[in-house]
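Reader: I would like a close look at one part of this model, followed by an account of what lies around it. Please keep it plain.

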Amino acid sequence: MAASRLPRHLRIGLIVLTVGSAIALGLFVDVIGRVQEMVREKDPETSNPFTPAAAPLYEQNDPPMPVKLFFPSVKEDVVLSSEEQTIFRSAGLTNRARQILQKLLDGPKTPTLYPSVPKDTKLQEVFVDDTGMAYVDFSSTISANHPGGMLSEQATVYSIVNSLVYNLPEIRQVKILVGGAEKETLAGHCLLLPLAMDLSITDVAPREQVNNAD
Amino acid sequence: MRRIVTGVVLAILATAILLFYSRPLSAADTDFLIYFENSTLALKSQTIDRTVYLPLQDIVRHLGLASTDATGSLTFTIQGQNSRLVLTPGSGFISYNDQPILLQNPIRREGNQWLVPLDFLSQGLSRVAGLEFRYRPGSRRMFAGRVATTELAMNAQSLGALTRLTLRAGSPIDVELQKETAQRRAVIVLKAKAIDPARERLEYKDALIQSVAFDDADGMPRLVIAIADDVRDVRLTSSDGNRVYFVDFVREIATEAGPTTAVASAPPPAASRPNPNVTASSGVRVIVIDAGHGGIEPGAANGSTLEKDLTLALARRLRSAVQSRLSSTVVLTRDSDVAMTSEERVAVANNNQAGLLISLHTGFSPDKMAAGSSIYIMKPDFTGGVPEPAGGRLFLPWYMAYRLNAPASKAMAEHLQRNLTQATPGSKFPIRHGPIGVLASATMPAIAIEVGNLNNEESVKTLTDPEFQTKFTTSIAAAIEQFATGGRK
């Protein structure tokens, strides 16, 4: 055969060339595959068209509504004291809840009260279901930046729960979410199960039973 | 050149042949048990395509069912009282009274042997034999008909000088401990007919225990525990009317334990050295102390002073303070710097059948001048009077477990308040109620103590002072003693 008469170094060269071109071919085929994949991935899904436009929480002509906000107190025998503030009585329940929570995040105006929620915490979502349970989602800084302490954690949790349930009688329980997810405890102490209002740790008397005054 | 090529080819062929023939050998046979009401059948199972197969003829013979193995028509027929089951090899379809039933895996025939997958027993054979077959996936046993099974759960935990294996049976059973020190193992023979273990082996290993495995291959259910060289003694204690057993693997021989082979009624395990002044505690056999936070979760902090370190130091001091007063076993939820969820902490107390759970925390108040200390018990109905479903509740959610012991928890909190205010004059320990994670699912009296205020430099100095730590934990231990001896019977 002609090939067997080829010098040895040429034969080795031929083998190396064949193997090399086979690898190159493989790579080339894969490159085609990758290009195809890139084309496939380029489907127009870059922006979510369903993101709602930011709606205002209240209208200019909404009437004012006085609310009691609960903040940690320096008084010895109570955990939370209240502070009067005003929000707009907007039509949507969640809008009123959002305004209350935003005031809570902004902190107290009274010097004898302390902020209840760690700085830089953002309110992400509020949702109230048919049974009167409010789901309130905060950014994860509410847990991560919490200074700790059982009493101060109880104060954080109940300043949120009490401020909502006391001012909005439609809400009966509050379930706090952290960073969009359920968490066992806020910072190692207080359970984040659906919680009812607890006025026994405050200096505020229960509201008179005016059924659905709002 | 040719010789080398031939050699290589031959070597590859030899390896291929070796691999091919060694495969079925390694895949074959572990013994499989079927527990019937009055008998037990041991079978040689085969694993083919990751499916466990059982020899059909052995089962049919044991059940005394009539069968015909028609070699010509390649079918196997089982005759029941008014029913007939026909099997065809290589097919997942079986015919029951001429109605097809599809199995997940095909019937196999190897030589003269008919092999059936496990679901054949529950889908097909159960109809002809009139027996129900129960199987826990991953196990090597089945339970047929009305055989009375005893469920068995086990867990292990290191308690420092000893490792405790807790066995929990669904109904009372007798057990016998056999110490095979020469083989470095202990065998616990379970004297019940059909044991249904939740797991075949315990994924647990520490300095004293190497492995824990359930074994009933010869029809005699037992636990085989491989132990380390350090283990000097194994002790067995029963509890809860022989439903719960504690097996303690001890590093050194305790004075009261003799060189027995079968200890059926050993004295209650005590982790402490026998103390002549110890008062026997009647109500509380195990006390669990929880050091709050840990690992990546430091809790409150003041500079380099972290809550997790303080609580661990206090927990260790409290352990020795309690052990010097009571004969109870004291268990820490964590004895090192590890993170745990509240649920895991309570599980330590629940699994050890503890009579008391105490969780230690330090305080932090935004108000630098605040005292910070409190005693916490669970706030009743913190979710706010959820209406009970009509006809009552069948199950309680775990977070309501605290309800059973609410009065006892309150009594313990009062003992504590009295002792702590006496020991540290000027400081108050108000009893507060809150939805505390570590207390909610406790099935025993449970309280949490929050001490000091890490936002206050003076308080930090006090909390890190060993003298204060001793004084503080001693008065907690005194409260525990009052509670254990008189507060609750």
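Is B:Thr149 buried, exposed or partly exposed, and how many other C-beta atoms lie within 10 Å?

Author: The model is a predicted one. In it, B:Thr149 is partly exposed, because 17 other C-beta atoms lie within 10 Å, while a residue counts as buried from 20 and as exposed at 12 or fewer. The residue belongs to strand β13 of chain B, which covers residues 149-158. Leaving aside residues up to four places away in sequence, B:Thr149 touches B:Phe143, B:Ala194 and B:Asp196. B:Lys193 is 44 residues from B:Thr149 in sequence, yet the two C-alpha atoms are 7.5 Å apart in space.

From this residue, the account can move to the sheets of chain B. One of them is an open sheet of 5 strands, in the order β15-β16-β20-β19-β18, with antiparallel pairing. Its edges are β15 (174-180) and β18 (201-202) of chain B; each has a single partner strand, so one side of each is left without a neighbour in the sheet. The partner of β15(B) is worth following: β15(B) is joined to strand β16 of chain B, residues 185-191, by 7 bridges in the antiparallel sense. Within that pair, B:Leu177 faces B:Ile188 of β16(B).

Another open sheet of chain B has 6 strands and mixed pairing, and its order is β26-β23-β27-β30-β28-β29. At its edges are β26 and β29 (431-434) of chain B, each of which pairs on one side only. On average, neighbouring strands in this sheet are turned by 25° against each other, with direction ignored. Helix α6 of chain B, residues 406-423, packs on the sheet and touches β27, β28 (374-378), β29 and β30 (446-451) of chain B. The direction of α6(B) makes about 175° with that of β28(B).

Strand β23 of chain B, residues 286-291, deserves its own paragraph. It is mostly covered, with 6 of its 6 residues buried. The burial applies to both faces: B:Val286, B:Val288 and B:Asp290 are buried on one side, and B:Ile287, B:Ile289 and B:Ala291 on the other. β23(B) pairs in the parallel sense with strand β26 of chain B, residues 329-332, over 4 bridges. It also runs parallel to strand β27 of chain B, residues 356-362, and is joined to that strand by 5 bridges. B:Val288 takes part in both pairings: its bridge partner in β26(B) is B:Val331, and in β27(B) it stands opposite B:Leu357. Further along β23(B), B:Ala291 has B:Leu360 of β27(B) as its bridge partner.

A helix of chain B shows burial of another kind. In helix α2 of chain B, residues 56-63, the buried residues include B:Leu56, B:Ile59, B:Val60 and B:Leu63. These cover an arc of only 95° around the axis, which means that they lie on the same side of α2(B). Among the elements that cover the buried residues of α2(B) are the strands β2 (40-48), β3 (51-55), β4 (66-70), β5 (75-79) and β10 (113-117) of chain B, together with helix α3 (118-129) of chain B. Just after α2(B), B:Gly64 has a positive phi of about 70°.

For the wider setting, chain B contains 9 helices and 30 strands. Of its 489 residues, 39% are buried. Among contacts in chain B with a separation of 6 or more, 64% are between residues 24 or more positions apart.

Chain A has 4 helices and 5 strands, which follow the pattern α-β-β-α-β-β-α-α-β along the sequence. Chain A has 214 residues, of which 33% count as buried. For chain A, residues 24 or more positions apart make up 66% of the contacts with a separation of 6 or more.

The two chains also meet: 22 residues of chain A are in contact with 29 residues of chain B. On the side of chain A that touches chain B, helix α4 of chain A, residues 150-167, gives the most, with 4 residues. By class, that side has 12 nonpolar, 8 polar and 2 charged residues.

Terms used:
Residues are numbered from 1 along each chain as its sequence is written. Chains are lettered from A and ligands numbered from 1 in the order in which they are written. This is a predicted model: local features need pLDDT of at least 70, side-chain atom pairs count only at pLDDT 80 or more; totals for chains, interfaces and linings use all residues. Two strands pair if DSSP finds at least two bridges between them. Helices (H or I, at least four residues) and strands (E, at least two) are DSSP runs, numbered from the N terminus. The arc is that of the directions from the helix axis to the C-beta atoms. Two residues are in contact if their C-beta atoms, placed from the backbone, lie within 7 Å. Ala, Val, Leu, Ile, Met, Phe, Trp, Tyr, Cys and Pro count as nonpolar, Asp, Glu, Lys and Arg as charged, and the others, Gly among them, as polar. Axes are lines fitted to C-alpha atoms, for helices over the stretch in contact, and angles run from 0 to 180 degrees between N-to-C directions.
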